[in-house]
Structure formats: C-alpha cells, structure tokens
Amino acid sequence: PVYEYSGSFQGQSAYFKVTSTTGHIFGCDFTPQYQNWDKTEEETLFTAPTLQKESGGAKVVHHLQREADGCDTLVLWLDCDREGENICFEVMGVVKKHIYRMDNIWRAHFSAITTQEINYAMNHLGKPNKNVADAVECRQELDLKVGVAFTRFQTKYFQNKYGDLDASVVSYGPCQTPTLAFCVQRHDEIMNFKPENFWRITPHASRGGANLVFEWERGRLFDEAMARMMH
C-alpha cells in the first residue's frame with residue numbers, strides 16, 4: 001500500500017508518499033556455475049563469487065521505482081538495527097535513478113511507534129550508515145558459504161549411511177545448528193533428570209497484623225537430618 005498526504009518537511013510544504021518493503025529486497029547467492037552439487041567441490045564454495053538476487057520478487061523493485069518517480073527526497077524508516085540499515089541501502093540502490101544525491105537522502109532513528117518518537121525522529125533525521133550495512137553483507141556471505149558448503153557435504157555423507165534417513169537435504173546453518181544443539185542438550189537433561197527430595201526452611205512472622213514470609217538465602221537442603229537440626 002501507499003499512503004499519500006500533504007504536510008511540511010524541514011520548514012517547507014511537501015507532498016508525502018509512504019510505502020514499505022517486505023524485509024530484504026535482495027539476497028546473497030552463488031553465481032550459476034556453483035549451483036550444481038555434483039560439479040562443485042564443497043571447499044571451493046568458500047572462495048566462490050557471490051551476487052545479489054531479488055529476494056522479494058521483481059514486483060517490490062518495480063513498486064519502489066514507480067513510487068520514487070517524481071520524488072526528490074527519500075526518508076528511510078527501516079528498523080533501527082543492522083538488518084534495517086542494510087535494507088536502507090537496498091532501497092537507495094533501487095531508487096537511485098530518481099533520488100541519488102545524499103543531500104536528499106535521510107535516515108530516521110526511532111525506538112517505538114508512538115507519536116512522540118515519530119515526531120522526534122522526523123525532527124532529528126540523520127544519514128544511513130554504510131559501515132553497518134556492509135557488516136550485514138559480510139554476515140550474509142559467511143552464512144551462505146558456511147551453510148551451503150556444510151549442507152552439501154553432510155547431505156552427501158549421511159544419505160548412504162542410514163537407510164531410514166528421511167531427508168533429501170541434511171541442512172546446516174550457523175544459527176540453526178547451534179540452536180538445535182541447545183534443544184538437544186536440554187532434551188538430554190530432561191530425559192536424564194533424576195528427582196531428589198529436598199527440604200527448605202521458610203520462617204513466618206507477624207508484625208502489625210501483617211503476615212510476613214521470609215526466604216532462606218541458602219534456598220534448599222538435600223540432607224533431611226541437617227534440615228531438621230537447623231529447624
């Protein structure tokens with residue numbers, strides 16, 4: 001959707017057009033010659049060239065270009081984190097035919113969607129940070145190369161090892177694999193847990209008609225005899 005209205009910008013009358021993206025406009029991928037699993041050795045992927053492909057579909061690019069036509073100023077309201085900063089530069093690249101001077105490109109910084117925050121951000125516009133955006137591109141390339149290389153390697157390795165492996169792809173990801181490890185570790189802890197009886201001392205008192213319950217700093221004891229002696 002596009003919202004249009006008249007208002008003022010930096011002390012002058014202006015006509016606003018407000019629209020949005022659907023996350024990242026582009027994604028990092030390998031060039032075509034590295035897409036074939038059988039013709040590419042996994043270790044070569046770490047030095048393979050990459051390119052940026054439209055991830056939101058051509059309609060997002062065409063939409064932004066169409067709406068930028070006739071505009072002379074761009075104010076970027078993407079999320080105020082690294083990913084948002086990277087999307088800022090994706091948008092700038094898409095609309096550069098119409099809005100290309102940095103003097104006419106601004107970045108809004110806000111921490112909440114409230115009237116006060118929005119007004120403050122609009123009155124204190126800054127500039128997009130290329131270093132932060134580049135850091136995201138580095139992370140994207142690392143995720144791609146590590147994830148694809150290990151996914152291809154372990155898929156080929158495991159597929160002929162187990163007859164009941166019900167997966168055409170055994171995926172690996174720099175984020176998903178450590179997360180899976182946390183889940184497995186927690187599952188093992190639950191399955192191997194052996195309950196034990198414990199005792200705690202809970203003092204009660206009354207003052208001014210109010211009942212008071214105190215917490216024992218030590219928490220609990222697993223020795224019944226010691227707990228009864230302290231009681």
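Let's start with a contact between two helices: Glu83 and Arg139 form a salt bridge through their side chains, at 2.6 Å from N to O. The two residues sit far apart along the chain, with Glu83 in helix 2 (residues 82-94) and Arg139 in helix 4 (residues 130-159), a separation of 56 residues. Please keep in mind that this is a predicted model. The notes below look at salt bridges first and then turn to the largest pocket.

**The Glu83–Arg139 pair**
- Glu83 is partly exposed, at a relative accessible area of 26%.
- Arg139 is partly exposed as well, and its relative accessible area is 34%.

**The Arg107–Glu85 pair**
- Helix 2 takes part in another salt bridge, in which the side chains of Arg107 and Glu85 come together at 3.0 Å, N to O.
- Here, too, distant parts of the chain are linked: Arg107 belongs to strand 6 (residues 105-107) and Glu85 to helix 2, 22 residues apart.
- Arg107 counts as buried, with a relative accessibility of 0%.
- Its partner Glu85 also counts as buried, at 5% relative accessibility.
  
**The network around Lys17**
- Through salt bridges with shared partners, Lys17, Arg66 and Glu67 are joined into one network.
- Within this group, Lys17 pairs with Glu67, and their closest N and O atoms are 3.1 Å apart.
- Because Lys17 lies in strand 2 (residues 12-18) and Glu67 in helix 1 (residues 58-68), this pair ties together parts of the chain that are 50 residues apart in sequence.
- Lys17 is partly exposed at 32% relative accessible area, whereas Glu67 counts as buried at 16% relative accessibility.

**The overall salt-bridge count**
- Searching the whole structure gives twelve salt bridges, and the Lys17–Glu67 pair is one of these.

**The largest pocket**
- The largest pocket holds about 1300 Å³ of space.
- Its lining is made up of 45 residues, and those nearest the centre are Lys17, Val18, Leu74, Val75 and Trp77.
- Lys17 therefore appears in two of our topics, since this residue of strand 2 pairs with Glu67 and also lies among the residues nearest the pocket centre.
- Two or more lining residues come from each of strand 1 (3-9), strand 2, helix 1, strand 5 (74-76), helix 2 and helix 3 (115-123).
- Strand 2 contributes the most to the lining, with seven residues.
- Sorted by class, the lining of the largest pocket has 25 nonpolar residues, 13 polar ones and seven charged ones.

Terms used
Residues numbered from 1 in each chain as written. Predicted model: local features only at pLDDT ≥ 70, side-chain atom pairs only at ≥ 80, totals over all residues. Heavy atoms only, no water. Salt bridge = Lys/Arg side-chain N within 4 Å of Asp/Glu carboxyl O. Helix = DSSP H or I, 4+ residues; strand = E, 2+ residues; numbered from the N terminus. Buried < 20%, exposed > 50% of the residue type's maximum accessible area, 1.4 Å probe, protein only. 1 Å grid on protein atoms, 1.4 Å probe; cavity = no way out; pocket = protein on both sides within 12 Å on 5 of 7 lines; lining within 4 Å. Points joined across faces, edges and corners; volume = space filled by probe spheres on them. Nonpolar A, V, L, I, M, F, W, Y, C, P; charged D, E, K, R; others polar.
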